[in-house]
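Here's a quick briefing to read alongside the model. Have the strands, the pocket and the cysteines in view as you go.

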Amino acid sequence: MSDDATTERRFARMTGLNERRVGEKVFVLDDKTQLHTLDNASAVFLWERIPEHDQGAITVDALVNSLHEAFEIGYEVAKGDCISLLDQLTALCLVQEVDA
């Protein structure tokens, strides 16, 4: 997949999730009652920017740019972090890729 195709992919949170922020962490309970913890600042930052499925979707590029600017890290580092997190969240069924 080309870089342009990768960054244009769109993601949204799965429906049926319950979440709570406690201090610097976000706890997410999925529909199977599995508890997931987002405990690093960049993961929490990105999670808060991914909309719920019924509220639209966000592109990888938009997530990368927001992380790049907020954390003042290189674009390629931000891109790698975003793709890694999205892959993990997808595997856990917390987010899903959405057609454009």
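β3 and β4 run antiparallel, joined by 4 bridges. On the other side of the story, β3 also pairs with β2 in the antiparallel sense, this time over 5 bridges. Keep in mind that this is a predicted model.

**Strands around β3**

- In the β3–β4 pairing, F27 stands opposite T37, which belongs to β4.
- The link between β3 and β4 is a hairpin with 5 residues in between, and T33 in that turn has a positive phi of about 60 degrees.
- β2 covers residues 18-22 and pairs with β3; there, N18 has L29 of β3 as its bridge partner.
- β2 and β3 make a hairpin too, with 2 residues between them, and here G23 is the turn residue with a positive phi of about 60 degrees.
- Which residues sit on the covered face of β3, and which on the uncovered one? V26 and V28 are on the covered face, while K25, F27 and L29 are on the uncovered face.

**The open sheet**

- β5, β1 and β6 form an open sheet of 3 strands in the order β5-β1-β6, with antiparallel pairing.
- β5 and β6 are at the edges with a single partner strand each, so each has one side without a neighbour in the sheet.
- β1 (residues 10-13) and β6 are held by 4 bridges in the antiparallel sense, and within that pairing R13 stands opposite V95 of β6.

**A57 and T59**

- A57 is in the loop between α2 and β5, and T59 is in β5 itself.
- Are these two buried or exposed? A57 has 19% relative accessibility, so it counts as buried given a cut-off of under 20%. T59 counts as buried as well, at 17% relative accessibility.
- A57 and F11 are 46 residues apart along the chain, yet their C-alpha atoms are separated by 5.1 Å.
- Leaving out residues up to four places away in sequence, A57 touches R10, F11, A12, P51 and V98.
- With the same sequence neighbours left out, T59 touches T7, E8, R9 and R10.

**The largest pocket**

- The largest pocket holds about 230 Å³ of space.
- It has 16 lining residues, and those closest to the pocket centre are L38, N40, A43, L85 and Q88.
- β4 (35-38), α2 (41-47) and α4 (75-91) are the elements that give two or more residues to this lining.
- Which element gives the most to the lining? That's α4, with 5 residues.
- By residue type, the lining has 8 nonpolar, 6 polar and 2 charged residues.

**Cysteines**

- How many disulfides does a search of the whole structure find? It finds 0.
- C82 is buried, with a relative accessible area of 2%, whereas C93 is partly exposed at 42%.

How values were computed: Residues numbered from 1 in each chain as written. Predicted model: local features only at pLDDT ≥ 70, side-chain atom pairs only at ≥ 80, totals over all residues. Heavy atoms only, no water. 1 Å grid on protein atoms, 1.4 Å probe; cavity = no way out; pocket = protein on both sides within 12 Å on 5 of 7 lines; lining within 4 Å. Points joined across faces, edges and corners; volume = space filled by probe spheres on them. Nonpolar A, V, L, I, M, F, W, Y, C, P; charged D, E, K, R; others polar. Disulfide = S-S within 2.5 Å. Buried < 20%, exposed > 50% of the residue type's maximum accessible area, 1.4 Å probe, protein only. Contact = heavy atoms within 4.5 Å. Pairing = 2+ DSSP bridges.
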